[in-house]
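The following exercises are to be worked with the sequence and the coordinates at hand. Each task sentence is followed by a solution that goes step by step.

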Amino acid sequence: MKKAVLCTALILAGCGRGQQVTPDPHYVTGASWQADGRWFYPREDFDWQGTGLAMRDQGRNGELTADGEVRDSAAMTGAHQTLQLPAIVSVINLENGREVVVRLNDRGPAQAGRMLSLSARAADLLGMGDGPARVRVVENEAESRRLAETLPGAPTLEINAAPREGVTQTDLGGKGSSTVGVAVQAGDTAAPKVGVALPDLPAEVRQGMAAPGMLWVEIMDLTSRYSAIVQAARSGAVVRPDLTAGHGMMWAVRYGPFTTIQDADSALRRALAAGLTGSHIVVE
């Protein structure tokens, strides 16, 4: 009886042999969440980029992801802590120069000091072992915006007057067309977008130059260099210019540099214990 009740309460987890979950791909940002000493605040940011540590995804195949997809370790997918979902990003393994493109479709990772988790397929193509890897992540703005405009759940503009019109997609492989949504024309303020299916990204890898860089624990990012210097003096940190955020010049207050992930993790734990809850690991 207890098992039956648990299965009913956790239908989306696919409890029970042979039980299937129903995919429902949709756009989502989601509420703030806390894990391992840090708060995360999901938001729209279509030109995001950053560096940090990536790990292998720990989820199970068949579970639903945060945006309603069915988890598949053989797909080119990943999880991010704050970006809108889904989003298309390039991930570069700074340790060996390999680069892949993945669709972010889940929240995570929850572990402090880890910025991104990747499916087994994506991690293998990047040449990752069992441990974390130093990566750079660059969002594809055009593709990410296209997904946001196509999927149900995204905010819509209110426009006056006129009818809806079906939108179709054509399979370039010759399998025909299928309905993927409904176009909003003047006057349609709440047109539903239905029948959406997200295609698998190709499992391809590009080879570039390795640039492993050093590890830093960033405790805050400020627009004022003077304020950053004051904060650094108070906490025994250093100030570094930061252009990776894509929003103009920022001044990062950081501990480091560290040569090993273990040392960076130790410094991060100390920063979080000191109440610096925005602290995270970056690579430079």
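**Exercise 1: the faces of helix H3**

On the face of H3 that is turned away from its buried side lie the exposed residues Ala142 and Glu149, where exposed stands for over 50% relative accessible area, buried for under 20% and partly exposed for the range in between (1.4 Å probe, protein chains only). The model is a predicted one, in which local features need pLDDT of at least 70 and side-chain atom pairs count only at pLDDT 80 or more, whereas totals for chains, interfaces and linings use all residues. Residues are numbered from 1 along each chain as its sequence is written, and side-chain values use heavy atoms, with hydrogens and water left out.

Task: determine which residues of H3 are buried, and what they pack against.

Solution. Step one is to list the buried residues of H3, namely Ser144, Leu147 and Ala148. Step two is to consider their directions: they cover an arc of only 100° around the axis (taken from the directions from the helix axis to the C-beta atoms), which puts them on the same side of H3. Step three is to look for contacts, meaning heavy atoms within 4.5 Å; the buried residues of H3 pack against strand S5 (87–93), strand S6 (98–107) and strand S8 (133–139). Helices (H or I, at least four residues) and strands (E, at least two) are DSSP runs, numbered from the N terminus.

**Exercise 2: salt bridges within H3**

Task: find the partner with which Glu141 forms a salt bridge, and state how the two are placed in the helix.

Solution. A salt bridge requires a side-chain nitrogen of Lys or Arg within 4 Å of a carboxyl oxygen of Asp or Glu. Glu141 pairs in this way with Arg145, the closest N and O atoms being 3.1 Å apart. Because these residues are four apart in helix H3 (residues 141–150), about one helical turn separates Glu141 and Arg145. Glu141 is partly exposed at 35% relative accessible area, and Arg145 is partly exposed at 37%.

**Exercise 3: a bridge between elements**

Task: which parts does the salt bridge of Asp124 and Arg56 tie together?

Solution. The side chains of Asp124 and Arg56 meet at 2.6 Å, N to O. Asp124 belongs to helix H2 (residues 120–125) and Arg56 to strand S3 (residues 49–56), so the pair ties together parts that are 68 residues apart in sequence. As for accessibility, Asp124 is partly exposed with 43%, while Arg56 counts as buried at 18%.
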